[in-house]
Amino acid sequence: EEILTVHCQSKDDDLGGHAVAVGATYHWDFGTNLLGGTLFWCKLAIEDKRIFFVAYDDDSREPGFGSWAACDDRLYGMPQDRLPFLKALWT
C-alpha cells in the first residue's frame with residue numbers, strides 16, 4: 001500500500017513528518033499573526049515523487065485556504081468557497 005509522507009512547517013513551527021494512507025486525511029490548525037506574515041510550506045512524497053508547495057500565505061492572492069487533494073499526477077487546492085484549482089505537479 002502506498003503511503004504519502006507529509007511534512008509542513010513555518011518559520012516558527014515544524015509540524016514534523018506524517019505518514020498518511022491513501023484515502024486518509026491529515027489536518028492541522030494554527031493561529032495567524034495579526035501583523036501578517038504567516039507562511040506554511042509543505043513537502044509531499046510518495047515513492048520517488050515529490051511536491052513542494054506553499055500551503056498558506058497571509059500575503060497571497062490565491063483562493064482562500066481550505067483543503068488539498070493529492071492525486072496520482074497533481075495536487076489540487078480545494079478551497080471551501082471556490083472551485084478546485086491546480087496547485088502543483090509531482091516531480
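How many helices and how many strands are there in the protein? The count is zero helices and seven strands. Read along the sequence, the pattern is therefore β-β-β-β-β-β-β. Keep in mind that this is a predicted model.

Start with the overall form. The chain has 91 residues, and a compact globule with that number of residues would have a radius of gyration near 12 Å. The protein has 13 Å, which agrees with the globule value. Along the principal axes, the C-alpha atoms fill a box of roughly 45 × 30 × 20 Å. How much of the protein is buried? Buried residues make up 25% of the 91 residues.

Now step into strand β3, which covers residues 39-46. L39 lies in this strand, and C42 has its place there too. Are these two residues buried or exposed? C42 has 4% relative accessibility, so C42 counts as buried, the cut-off being under 20%. L39 has a relative accessible area of 32%, so L39 is partly exposed. That value lies between the cut-off for buried, under 20%, and the cut-off for exposed, over 50%.

L39 also belongs to a patch. Together with W41 and V54, L39 forms a nonpolar patch on the surface. The three residues share about 220 Å² of accessible area. L39 can join because a patch residue needs over 30% relative accessible area, and L39 has 32%.

C42 gives a view across the chain. C42 and K87 are 45 residues apart in sequence. In space, their C-alpha atoms are 12 Å apart.

Next, follow the chain back to the loop between β2 and β3. Strand β2 spans residues 14-21. T25 is found in the loop that comes after it, between β2 and β3. D29 is found in that loop as well. T25 has a relative accessible area of 72%, so T25 is exposed. D29 has 66% relative accessibility, and therefore D29 counts as exposed too.

Which residues can be paired with these two across the sequence? For T25, take W68. The two are 43 residues apart along the chain, and their C-alpha atoms are separated by 9.5 Å. For D29, take D57. Here the gap along the chain is 28 residues, and the C-alpha atoms are separated by 14 Å.

Now turn to charge. Which residues form the negative surface patch? They are E1, E2, E47, D48 and D72. Two of these members are worth a visit.

E47 sits in the loop between β3 and β4, where β4 covers residues 49-57. At 57% relative accessibility, E47 counts as exposed, because the cut-off is over 50%. The backbone of E47 has a further feature: a positive phi of about 50°, although E47 is not a glycine.

D72 has its place in another loop, the one between β5 and β6. Strand β5 spans residues 67-70, and β6 spans residues 74-78. D72 has 68% relative accessibility, so D72 counts as exposed.

Finish with the salt bridge. How many are there in the count? The count comes to one. The partners are D73 and R74, whose side chains meet at 3.1 Å, N to O. This pair qualifies because the nitrogen of Arg must lie within 4 Å of a carboxyl oxygen of Asp.

Are the partners buried, exposed or partly exposed? D73 has a relative accessible area of 42%, so D73 is partly exposed. R74 has 25% relative accessibility, so R74 counts as partly exposed as well. Why is D73 not a member of a charged patch? D73 is left out because patches are made of residues with no salt bridge, and D73 meets R74 in one.

Technical notes. Residues are numbered from 1 along each chain as its sequence is written. This is a predicted model: local features need pLDDT of at least 70, side-chain atom pairs count only at pLDDT 80 or more; totals for chains, interfaces and linings use all residues. Side-chain values use heavy atoms; hydrogens and water are left out. Patches are made of residues with over 30% relative accessible area and no salt bridge: like charges are joined within 9 Å, nonpolar side chains (Val, Leu, Ile, Met, Phe, Trp, Tyr) within 5 Å. Accessible areas come from the Shrake-Rupley method with a 1.4 Å probe; for residues, only the protein chains shown count as cover. Lys and Arg count as positive and Asp and Glu as negative; His and the chain ends are not counted. The place of a charge is taken as NZ of Lys, CZ of Arg, CG of Asp or CD of Glu. Helices (H or I, at least four residues) and strands (E, at least two) are DSSP runs, numbered from the N terminus. Buried means under 20% relative accessible area, exposed over 50%, partly exposed in between (1.4 Å probe, protein chains only). The radius of gyration is taken over C-alpha atoms; the globule rule is 2.2 Å times the number of residues to the power 0.38.
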